[in-house]
Amino acid sequence: MNPILHLKGPFEQRSRVSNFGPPQLAKYANVSLEHLNNLKKDLERAIHFWRQQFLLPKTLVSVYYTKVVAKSNRISGLLSKSPNDAIVGAKFKNDEKKHIITYYVSIQELEESVVLLEKAINILESEFNGEISRDVFNNRESFVGIDFVKYNIAQSNFQKVIVDASYVEKIDIESNQFSLRRDSIITLYKTGKNIKDLLEKMGIRIYSDKILDETSVLLDLNQLEILMQKAPYLIAMATEDISLWNPTDFIESAKNKIDLPSPLTEPVIGVIDTHFDQNVYFNEWVEYHNMLNPEIPLEPQDFSHGTAVSSIIVDGPRLNPWLEDGCGRFRVRHFGVATQKRFSSFSIIRLIKEIVAKNKDIRVWNLSLGSNEEVHQNFISAEAAVLDQIQFENDVIFVIAGTNKNPLEKEKRLGSPADSVNAIVVNSVDISNNPADYTRKGPVLSFFPKPDISYYGGSASCSIIVCKPLGEAAVSGTSFAAPWIARKVSYLIDILGFNREIAKAMLIDSAIGWEENIINKDIIGHGIVPININDIVSTKANEIKFVISGVSEKYDTYNYNFPVPLYEGKYPFIAKATMCYFPRCSRSQGVDYTNTELDLYFGRIKKDGKLDSIDKNKQSLSDEDSHPILEEVARKYFRKWDNIKHIQDKLRTKVMPKKVLSENKLWGMSIKTKERLNKRDGEGIRFGVVVTLKEINGVNRIEDFIQLCSLKGWLVNKINIETQIDIYNKASEDVIFD
């Protein structure tokens with residue numbers, strides 16, 4: 001086995017060079033007089049509607065696009081001078097992959113858009129016989145003889161209107177309807193108005209403790225009915241507050257007395273769950289905090305689930321020898337936030353914020369609570385959005401159970417908060433590596449591949465043994481798969497010293513084989529994580545695996561200085577790479593949830609200085625020409641906007657060595673940063689990458705690689721578990737000064 005190498009060296013930063021020409025119509029596109037007239041009527045109807053409404057100073061209008069549109073294909077000439085800044089929501093049209101984007105603009109801007117359309121209609125009718133095709137529009141000569149001054153519109157504005165119209169089906173006013181049966185967390189569109197004042201205008205009086213943030217509030221059924229009657233167009237999202245508990249099967253046995261050594265300097269993992277029974281044998285390893293109101297009575301069953309979860313984190317391998325992971329024991333800081341039967345999502349959100357803020361020393365958090373209700377296909381749950389925000393703002397990572405269903409139920413989507421994009425979401429497999437019959441499926445927002453990974457959470461044939469208040473119990477559920485992963489993440493971060501980006505990338509990379517298995521990906525995720533930590537921090541003798549991290553400050557973060565060993569003038573390797581990062585997310589943007597895209601390129605350097613990326617990704621090239629890759633293609637094949645990237649060479653029956661493409665004989669890595677919104681959210685985002693080079697002849701070339709890297713100025717550190725443990729123990733010792 002070869003150790004994993006940690007490479008440390010600088011990444012260079014380069015700003016993006018703008019290369020925008022005149023507006024262009026896409027392939028096969030054409031715009032007719034009838035279509036422009038229909039859009040004009042749509043806007044006139046919207047103006048008439050909003051002149052009768054007095055709650056908002058501006059208007060909410062939704063643009064129905066013809067497809068999933070890239071940022072560059074969203075309207076730029078209609079609705080607003082800065083329409084991207086006016087976006088307050090995005091979703092998909094039913095089951096169709098078509099964007100519906102909601103804008104917050106003034107009536108005056110709608111009227112100006114009507115005037116623009118009227119001018120475009122006149123030009124289209126007079127100069128182009130009522131219709132313009134792509135070939136005509138994209139030919140500059142087509143506009144030479146037109147006197148745009150006569151039509152009182154600039155040529156560029158006319159072109160923008162035509163291109164906008166080519167991507168738009170219609171413009172309408174959304175009136176969202178939700179069938180809710182109990183108190184619910186309601187999110188209004190972001191309009192800049194104080195949510196409390198806005199609701200009081202409709203006769204809905206709320207207290208500050210019911211407000212989650214600037215757009216979300218907890219309403220009872222009567223308040224919700226008033227809102228639905230008076231202003232349904234204000235509602236962006238709605239989820240029921242009370243979540244039913246996901247049950248797990250277990251059989252308890254007699255209480256056992258087991259002696260454990262006292263904890264010393266072991267890492268602490270945070271557990272947010274039901275409550276902890278302080279009478280169990282490992283109680284010395286757990287610091288318990290009841291976060292509920294002391295007046296709320298707790299039943300014996302309220303201590304069952306939480307105690308079981310913490311028992312895995314503290315002593316899981318002794319209870320389950322077949323799952324010995326080599327990670328040792330962990331201390332737990334356990335926060336009881338719910339009872340066994342049902343809980344308030346709104347209350348838990350507020351508690352999680354408070355818990356993380358007051359426990360800055362904890363880097364890894366386990367959350368095995370989950371809702372029976374399916375997550376919505378057009379927006380992230382309020383719970384998950386808060387977790388994503390916490391992980392963006394703090395150097396922490398959540399490991400979340402993928403939620404359960406009754407084995408007799410049909411397929412069921414994940415429940416919140418398993419839709420958290422920044423967290424590691426864990427589903428369960430049985431001992432034969434098949435999906436457990438209680439697992440639920442992704443993806444999230446029809447795009448993000450949740451769950452991330454799978455692990456062993458017990459099944460009818462082989463349960464997970466835990467400790468509950470009455471003794472050992474045989475259990476099954478995703479709740480009992482997640483703590484095993486939390487152990488591994490804490491080991492990588494707290495003991496081996498990796499940052500969370502590298503730790504997450506290492507876990508996901510360890511689950512993905514060279515022959516990537518796409519069967520049941522919506523249930524298993526990227527794959528099943530190996531049991532023993534050694535299989536994550538080391539690799540086969542014919543492989544070179546290294547990790548590297550950097551910070552994105554500009555459009556292109558790059559290093560073209562990777563000296564992959566040569567043999568007989570060629571590279572005898574195939575390669576793969578996995579990257580993870582934690583972006584800022586905007587729940588108000590609906591399906592366009594992540595604000596920042598980091599696009600990974602890794603491969604040989606060509607003569608022109610560009611990279612021949614191993615996945616043949618040409619997105620950065622399309623930025624420079626007039627034939628960009630379609631947004632649907634970029635999302636499907638290159639995972640655009642996904643915060644987990646995995647690229648690799650295909651493992652074929654006959655693999656040939658790679659040719660040298662340039663005189664410097666080096667490989668390079670480039671991270672391209674793009675923003676969804678007009679903000680600088682991507683600046684300062686840290687990323688972690690795991691790269692594996694597989695020698696096609698089975699030869700171990702790691703020492704050659706280390707030597708070459710050292711000559712190129714890289715600081716190379718072999719990851720040795722024993723050495724890292726010694727360093728951790730030394731760093732954890734209390735120093736007594738005389």
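Leaving aside neighbours within four places in sequence, which residues is Thr673 in contact with? In this predicted model, the list is Ser552, Lys554, Tyr555, Thr596, Glu597, Leu598 and Gly682. Thr673 sits in strand E32, which spans residues 667-675. Its relative accessibility is 10%, so Thr673 counts as buried; the cut-off for that label is under 20%. One of the contacts also appears as a polar one. The side chain of Thr673 meets the side chain of Ser552 at 2.6 Å.

Stay on strand E32 and go to Trp667. This residue also lies in E32. Trp667 has a relative accessible area of 0% and is therefore buried. Its ring belongs to an aromatic cluster, together with Phe546, Phe562, Tyr571, Phe602, Phe705 and Trp714.

The aromatic pairs deserve a closer look. The structure holds 26 of them. A pair of aromatic rings is described by the distance of the centres and the angle of the planes. Take Trp365 and Phe398. Their ring centres are 6.3 Å apart and their planes stand at 20°, so this pair is stacked. The pair links distant parts of the chain, 33 residues apart: Trp365 is in strand E19 (residues 364-367) and Phe398 is in strand E20. Both Trp365 and Phe398 are buried.

Now take Tyr571 and Trp667. Here the centres are 5.4 Å apart and the planes are at 90°, so the pair is edge-to-face. Tyr571 lies in the loop between strand E27 (556-562) and strand E28 (573-581), while Trp667 is in E32, so the pair ties together parts 96 residues apart in sequence. Tyr571 has 1% relative accessibility and therefore counts as buried. Both rings of this pair are members of the aromatic cluster already described.

Next, the backbone. Which peptide bond has omega near 5°? The bond from Ser416 to Pro417 does, and it is cis. Pro417 lies in the loop between strand E20 (397-401) and strand E21 (424-429). Another cis bond runs from Gly442 to Pro443, with omega near 0°. Pro443 is placed in the loop between E21 and strand E22 (453-456).

That loop between E21 and E22 also holds Asn433. Phi of Asn433 is near 70°, a positive value in a residue other than glycine. At 36% relative accessibility, Asn433 counts as partly exposed.

Trp641 is another residue with positive phi that is not a glycine; the value is about 80°. Is Trp641 buried or exposed? Its relative accessibility is 4%, so Trp641 counts as buried. Trp641 is found in the loop between helix H15 and strand E31 (644-648).

Helix H15 leads out to the surface. The helix covers residues 631-638, and Tyr637 is found there. With 55% relative accessibility, Tyr637 counts as exposed, because the label applies over 50%. Tyr637 joins Leu630 and Val633 in a nonpolar surface patch. Together the three have about 290 Å² of accessible area.

Terms used
Residues are numbered from 1 along each chain as its sequence is written. Side-chain values use heavy atoms; hydrogens and water are left out. Patches are made of residues with over 30% relative accessible area and no salt bridge: like charges are joined within 9 Å, nonpolar side chains (Val, Leu, Ile, Met, Phe, Trp, Tyr) within 5 Å. Accessible areas come from the Shrake-Rupley method with a 1.4 Å probe; for residues, only the protein chains shown count as cover. A salt bridge is a side-chain nitrogen of Lys or Arg within 4 Å of a carboxyl oxygen of Asp or Glu. Helices (H or I, at least four residues) and strands (E, at least two) are DSSP runs, numbered from the N terminus. Buried means under 20% relative accessible area, exposed over 50%, partly exposed in between (1.4 Å probe, protein chains only). A polar contact is a pair of N or O atoms within 3.5 Å; within protein, one must be able to donate a hydrogen and the other to accept it, and residues adjacent in sequence count only if both atoms are side-chain atoms. Contact means heavy atoms within 4.5 Å. Rings of Phe, Tyr and Trp (its six-membered ring) pair if their centres lie within 6.5 Å; planes under 30 degrees apart count as stacked, over 60 as edge-to-face and the rest as tilted.
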